[in-house]
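What follows is a walk through one protein chain, moving from its backbone to its overall form, its interior and its empty spaces. Please keep the sequence and the structure in view while reading.

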Amino acid sequence: MRPDAERADPGAAPETASPPVRSGFVGHAILALGLLGGAWLRVRGVGEAAPFGDEFHTLDLARQSVGTIVTTFDDVGSHVVLPLLQHVSLAILGDGAFALRMPALIPGLLTLLLLFPVARGMVGRTPAILATLLFAISPMHVYYSRFGRSYALIVLLELLLVHWVVRATRPNAAGGAHSRRAWIGVACVAAALPYTHLSSAGFVAALALVACWLVWRERGVRALAAPLAAFGSAALVCGLLFLPLLPQIDAYFATTEGVKEHPLTWFGIPLLLAGGAAEGWVWLVGFPAALIWIARKRVDVALVGAASLLGPLATLLAKMPHGMEYAYARYLMGALPFAAMALAAGFVALAQRYTRESVVCGIGALLIGASLVTGPLVGVPRTGEFDNTYLAMRSLPAFDRAWPGAPAIYDEIAALEGDVHVVESPPITSRGVLLYRGHALRHGKRVSLGYPEADPLHQALYVNLSTVTKADADYVIVHRNLAREVRAYWRFVYDEVWPTMPHGSDEGFMERHRAHFIAGQPAASEEVAASLAAIVREHLGPATYKDKHVLVWKLE
């Protein structure tokens, strides 16, 4: 131990950033509400929404052999862990969107469940309760817990890494069995993180520096052997795992280096992370301020909280990778649990000066509830099939406006009562699917996508147009020229609606959606539409409605 460092009592419990709390019934009720409500937000309809955008990247790779998966680094940066977990999930649960999203949903739920016990040891009980509630309604974490990519898994691993670093570096952990187990936990998670996604390397590096400084501060230079061994072995294992993939990794970075789209409005990043514009300002000001306050009593907690943001942020600023607000925000998602802890701890510290703890808990829950009501988890219209677009993270009202040029059949369907099922075809996998979302908002009925697929996985995702019956749908709609229709809808949104609306903080998000990528959709061509129409016509007979955009079959 350095001479000027305080000597800790080995038997003492770690000091928390707030005094012991007896929040009683109110605290237990709020915690239960956060856990149950957060779980429901993540689970509801998770297998119903059609795959969107990046979710399609691993559809083929996940069904290859394990040997192929572990030796493949694809050209869209899926890495190895995600397709491997999806491979296992598909084998256990069968084909379908639910199985594809299990590697995101399970880590998302585990992070929600683990946050309270981890936060309680770092910032105290009442802040941990409010942090859990705040994290439970995080639009970005809810979204990526339901999205078939690895970002929710990364957040879970980063929470675990911080947990093990805090346990390993606390003053009363030196040299004991608990400390050794903690450093083993550090090594395992630190190796798994970059292997899951290289974007987490900055987080791991920042935590390594913090761990080394904390150990040196409390125990001296000799004690640095433990953190250096843990993080060094993690780097070695991760490097060996990546070794067979190096040529593919080099090729991936070479292809993405020339494509540079950066955030248009940098405030859009904290806005997405916090779930709204006002919340974004609270996040920007409150997070660092709360960390400074926490550092007065728990330097370790303050440092790991700062590292959770500054490590990935430094990596982003150094590399400036391709991607706009959405991409940059998801690379910083690992800071979400620690921002929730810090903000909750700061709020409790201020409020406890004026009232008792149960009231503090209640007031905090009401403020968080107000954020939920005004945010995208409640405010964005739901359509079922199209609920996994980026609009689930940030509402863009320009895309909610009814398009006057929509085919008249949708008004006819809207007038029908009861359960009506509409099948739209061809499927759209890009942001162009917001066309179908607009039609779904117009008529308000249940929607599925249709395609004559023989592939088992795609059969689970789409209604088979070759065999569709009245039991499957009430209407089958084949779009005759998707590229033309999407472009017409986009002109309405961007030329007629968006200019009349206050831009606020949405300019970057709207600019990102300007690229609908419909031209790159294989199913968007007139030739494909004609072949689909021929298949349906052979099965169901002549179309019952047609205009310049659609052919429609009403199933009797």
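Pro426 sits in the loop that runs between strand S1 (421–425) and helix H20 (434–443), and in this predicted model the peptide bond leading from Ser425 to Pro426 is cis, with omega near 0°. Most peptide bonds are trans, and most residues other than glycine have a negative phi. Against that background, two further backbone positions deserve a look. His79, which is not a glycine, has a positive phi of about 65°, and this residue belongs to the loop between helix H2 (66–70) and helix H3 (81–93). Phe517, likewise a residue other than glycine, has a positive phi near 60°, and its place is in the loop between helix H23 (507–514) and helix H24 (526–540). The surroundings of these residues can be read from their accessibility: His79 has a relative accessible area of 2% and is therefore buried, the cut-off being under 20%, whereas Phe517, with a relative accessible area of 47%, is partly exposed.

From these local features one can step back to the chain as a whole. The protein has 24 helices and five strands. Its radius of gyration is 25 Å, close to the 24 Å that the globule rule gives for 556 residues, so the protein is as compact as a globular protein of that length. The C-alpha trace spans about 90 × 55 × 40 Å along the principal axes. Of the 556 residues, 55% count as buried, and among contacts between residues at least 6 apart in sequence, 79% join residues that are at least 24 apart.

The interior comes next. In soluble globular proteins, nonpolar side chains tend to be buried together. Here the largest nonpolar core has 153 residues, and those with the most contacts inside it are Met122, Leu161, Met341 and Phe399. The surroundings of Phe399 may be traced in detail: leaving aside residues up to four places away in sequence, Phe399 touches Leu391, Leu434, Arg437, Leu441, Tyr489, Trp490, Val493, Tyr494, Met510 and His513. Apart from the largest core lies another one, of 15 residues, among them Val468, Val476, Ala523 and Val536.

Attention can now turn from packed atoms to the space between them. Rolling a probe the size of a water molecule over the atoms shows where empty space is left. The largest pocket holds about 1600 Å³ of space, and of the 50 residues that line it, Asp54, His57, Val76, Arg149 and Arg330 lie nearest its centre. Helix H11 (246–257), helix H14 (299–319) and helix H15 (325–331) are the elements that give two or more residues to this lining, with the largest share, five residues, coming from H11. By class, the lining of the largest pocket comprises 23 nonpolar, 16 polar and eleven charged residues.

The second largest pocket contains about 750 Å³ of space and is lined by 36 residues, of which Leu134, Val282, Leu343, Ala344 and Ile368 lie nearest its centre. Several helices give two or more residues to this lining, including H5 (125–136), H13 (277–294) and H17 (357–374), but H16 gives the most, with ten residues. In the lining of this second largest pocket, 27 residues are nonpolar, seven are polar and two are charged.

Beyond the pockets, a search of the whole structure finds five cavities of 30 Å³ or more. The largest cavity holds about 190 Å³, and of the 17 residues that line it, Arg44, Pro376, Arg382, Asp387 and Ala392 are the closest to its centre. Helix H6 (139–145) and H18 are the elements that give two or more residues to the lining of the largest cavity, which by class has ten nonpolar, two polar and five charged residues.

The second largest cavity holds about 70 Å³, and its lining residues include Tyr151, Glu158, Ser199, Pro312, Arg330 and Gly334. Helix H7 (151–169) and H15 each give two or more residues to this lining, the largest share of which, four residues, comes from H7. Arg330 thus links two parts of this account, as a residue among those nearest the centre of the largest pocket and as one of those lining the second largest cavity.

Note on methods:
Residues numbered from 1 in each chain as written. Predicted model: local features only at pLDDT ≥ 70, side-chain atom pairs only at ≥ 80, totals over all residues. Heavy atoms only, no water. 1 Å grid on protein atoms, 1.4 Å probe; cavity = no way out; pocket = protein on both sides within 12 Å on 5 of 7 lines; lining within 4 Å. Points joined across faces, edges and corners; volume = space filled by probe spheres on them. Nonpolar A, V, L, I, M, F, W, Y, C, P; charged D, E, K, R; others polar. Core = buried A, V, L, I, M, F, W, Y, C linked by side-chain atoms within 4.5 Å. Buried < 20%, exposed > 50% of the residue type's maximum accessible area, 1.4 Å probe, protein only. Contact = heavy atoms within 4.5 Å. Rg over C-alpha atoms; globule rule 2.2 N^0.38 Å.
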